[in-house]
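Trainee: I am new to this structure and would like a close look at a single part of it. Please take me through that part slowly, and then set it in its surroundings.

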Amino acid sequence: LHELNLSIGCILTAVPLCLSLHPDLQSKAAELNRTLSRKDGTPDKSLSKMKEEIQAMLAEMRKRQLGGMKSIAEEEEDLAEKLYQKVKRMFGDPHQSTEDLKAEIKEKLSDHEGKLQEAQDLLHAAQGKMRQSGSLAEQNKANLTVLQVQHN
């Protein structure tokens, strides 16, 4: 009887979900609950009769719930996968392409900035050499003038 009560307790925890979907199971569960809740603790029916009813209830639940729910769940899973693939195709793939282009542009900009910095460094060096050569040219002109004066 104790084992039966434990089995019935497990069933009774699963039954509310099924009962919300199938009202005829609700009446069977209510009858089972009335049997188990007698004040003196003695069952109204024989254990074998109760076991048969429990087996019938479980068979009914399996037949009605699991088969239908499984196919519905599989159908929903299939639809969800199709929706995911569509969203991925519409947004994910173009987003990835955009991210790839963005990375390529950043790389090219970085390369361009490096080349621009090199060009600016060369320009500054050239300007410095021009100033230096201008200063040397002025010195050479002054020296040439001094030499011409001395030579005359």
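Over residues 102–129, how much of the chain is helix and how much is strand, and how far apart are the end C-alpha atoms?

Mentor: Before the answer, a word on what is shown: this is a predicted model, in which local features need pLDDT of at least 70 and side-chain atom pairs count only at pLDDT 80 or more, while totals for chains, interfaces and linings use all residues. Residues are numbered from 1 along each chain as its sequence is written, and side-chain values use heavy atoms, with hydrogens and water left out.

Over residues 102–129 the chain is 100% helix and 0% strand, and the C-alpha atoms at the two ends are 40 Å apart; helices (H or I, at least four residues) and strands (E, at least two) are DSSP runs, numbered from the N terminus. UniProt, in an unreviewed entry, gives residues 102–129 the feature "coiled-coil region"; its positions follow the numbering used here, feature names are shortened, and annotations may be inferred rather than shown by experiment.

Two salt bridges deserve attention next, a salt bridge being a side-chain nitrogen of Lys or Arg within 4 Å of a carboxyl oxygen of Asp or Glu. In one of them, the side chains of K108 and E104 meet at 3.3 Å, N to O, and because these residues are 4 apart in helix α3, about one helical turn separates them. To describe their surroundings, buried means under 20% relative accessible area, exposed over 50%, and partly exposed in between (1.4 Å probe, protein chains only). K108 counts as exposed at 54%, whereas E104, at 41%, is partly exposed. In the other, K115 pairs with D111 at 3.5 Å, N to O, and both residues lie in helix α3, again 4 residues apart, or about one turn. Here K115 is exposed at 52% and D111 is partly exposed at 44%. As a general point, side chains of opposite charge can pair when their charged atoms come close.

The structure holds 3 salt bridges, and another of them joins K82 and D78 at 3.4 Å, N to O. K82 and D78 lie 4 residues apart, about one turn, in helix α3, which covers residues 47–151, and D78 is partly exposed at 40%. Helix α3 also holds V87, which is partly exposed at 39% and which, with L83, M90 and F91, makes a nonpolar surface patch of about 410 Å². Patches are made of residues with over 30% relative accessible area and no salt bridge, like charges being joined within 9 Å and nonpolar side chains (Val, Leu, Ile, Met, Phe, Trp, Tyr) within 5 Å.

Stepping back to the whole chain, there are 3 helices and 0 strands, and 12% of its 152 residues count as buried.

How far the model can be trusted is judged by pLDDT, the predictor's confidence in each residue, from 0 to 100. The chain averages 76, and 63% of the residues score at least 70. Among the elements of the chain, α3 has the highest mean pLDDT, 86, and helix α1 (residues 2–21) the lowest, 48. Over residues 1–10 the pLDDT is below 50, and this stretch has 9 contacts in the model beyond near neighbours in sequence, a contact meaning heavy atoms within 4.5 Å. Where pLDDT is low, the predicted coordinates should not be read in detail.

Definitions and conventions. Accessible areas come from the Shrake-Rupley method with a 1.4 Å probe; for residues, only the protein chains shown count as cover.
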